[in-house]
Amino acid sequence: MKSAKLYSQRGGRLIWMTHKDELAKYGFGIGARFNVQLSEGKIVLRADPAGSRKITDKKGKPVLCVIGKGITAAFGHEQDGKIDLLDASCKKGEIVLTV
């Protein structure tokens, strides 16, 4: 995975990743738990069996969705309907997304 999409909707921002992003390859398969670390312009997703977030299942395929005020604060919001690409750096158990 070289990039991920950052969406804008309903006044906020969200990251949505699916099987097409090869999530399972990096330890983010269906049911896997993970934590999110945010800073301005950067988000780090770390696999963690006790993590506060969970990879969901949509028709047998993994879906990772991160939404909330923290994402909006880290990446800003200009208008709904805008899609930005974030650079992705991946290794087993960790995905780092940056502007």
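**Exercise 1. Is Thr18 buried or exposed, judging by its relative accessibility?**

Before starting, keep in mind that this is a predicted model.

*Solution.*
- Step 1: Find the residue. Thr18 belongs to strand 2, which covers residues 12-18.
- Step 2: Recall the cut-off. A residue is buried when its relative accessible area is under 20%.
- Step 3: Compare. Thr18 has 16% relative accessibility, so Thr18 counts as buried.
- Step 4: See what surrounds it. Setting aside residues up to four places away in sequence, Thr18 touches Leu23, Pro62 and Val63.

**Exercise 2. Work out the order of helices and strands along the protein chain.**

*Solution.*
- Step 1: Count the elements. The protein chain has one helix and nine strands.
- Step 2: Put them in order. Starting at the N terminus, the pattern reads β-β-β-β-β-β-β-α-β-β.
- Step 3: Place the helix. Helix 1 spans residues 69-75, and Phe75 lies in it.
- Step 4: Place a strand. Strand 9 takes in residues 94-98, and Glu94 is part of it.

**Exercise 3. Describe the surroundings of Phe75 in helix 1.**

*Solution.*
- Step 1: Check its exposure. Phe75 is buried, because its relative accessibility is 14%.
- Step 2: List its partners. Beyond its neighbours within four places in sequence, Phe75 is in contact with several residues, among them Leu6, Arg13, Ile43, Leu86, Leu97 and Val99.
- Step 3: Try a distance. Phe75 and Cys65 are 10 residues apart in sequence, and their C-alpha atoms are 15 Å apart in space.

**Exercise 4. Which side chain makes a polar contact with the side chain of Glu94?**

*Solution.*
- Step 1: Look at the exposure of Glu94. With a relative accessible area of 16%, Glu94 is buried.
- Step 2: Search for the partner. The side chain of Arg46 makes the polar contact with that of Glu94, at 2.9 Å.
- Step 3: Widen the view. Not counting residues up to four places away in sequence, Glu94 touches Tyr26, Phe28, Val44, Leu45, Arg46 and Ser89.

**Exercise 5. Examine the phi values of Arg10 and Lys59.**

*Solution.*
- Step 1: Start from the general rule. Most residues other than glycine have a negative phi.
- Step 2: Take Arg10. Its phi is near 50°, a positive value in a residue that is not glycine.
- Step 3: Locate Arg10. Arg10 sits in the loop between strand 1 (3-9) and strand 2, and at 78% relative accessibility Arg10 counts as exposed.
- Step 4: Take Lys59. Lys59 is not a glycine either, yet has a positive phi of about 55°.
- Step 5: Locate Lys59. The loop between strand 6 (56-58) and strand 7 (61-67) holds Lys59, which counts as exposed at 79% relative accessibility.

**Exercise 6. Decide whether the radius of gyration of the protein chain agrees with that of a compact globule, then describe the chain as a whole.**

*Solution.*
- Step 1: Make the comparison. For 99 residues, a compact globule would have a radius of gyration near 13 Å; the protein chain has 13 Å, so the two agree.
- Step 2: Add the dimensions. Along its principal axes, the C-alpha trace spans about 35 × 30 × 25 Å.
- Step 3: Turn to burial. Of the 99 residues, 38% are buried.
- Step 4: Consider contacts. Among those between residues at least 6 apart in sequence, 63% join residues at least 24 apart.
- Step 5: Look at the surface. The protein chain exposes about 5800 Å², with carbon and sulfur atoms supplying 49% of it.
- Step 6: Finish with charge. There are 18 positive and 10 negative side chains, and the centres of the two sets lie 6 Å apart.

Methods. Residues numbered from 1 in each chain as written. Predicted model: local features only at pLDDT ≥ 70, side-chain atom pairs only at ≥ 80, totals over all residues. Heavy atoms only, no water. Helix = DSSP H or I, 4+ residues; strand = E, 2+ residues; numbered from the N terminus. Buried < 20%, exposed > 50% of the residue type's maximum accessible area, 1.4 Å probe, protein only. Polar contact = N/O pair within 3.5 Å; in protein donor to acceptor, adjacent residues only side chain to side chain. Contact = heavy atoms within 4.5 Å. Rg over C-alpha atoms; globule rule 2.2 N^0.38 Å. Areas by Shrake-Rupley, 256 points an atom, 1.4 Å probe, with all protein chains shown as cover. Lys, Arg positive; Asp, Glu negative; His and termini not counted. Charge placed at Lys NZ, Arg CZ, Asp CG, Glu CD.
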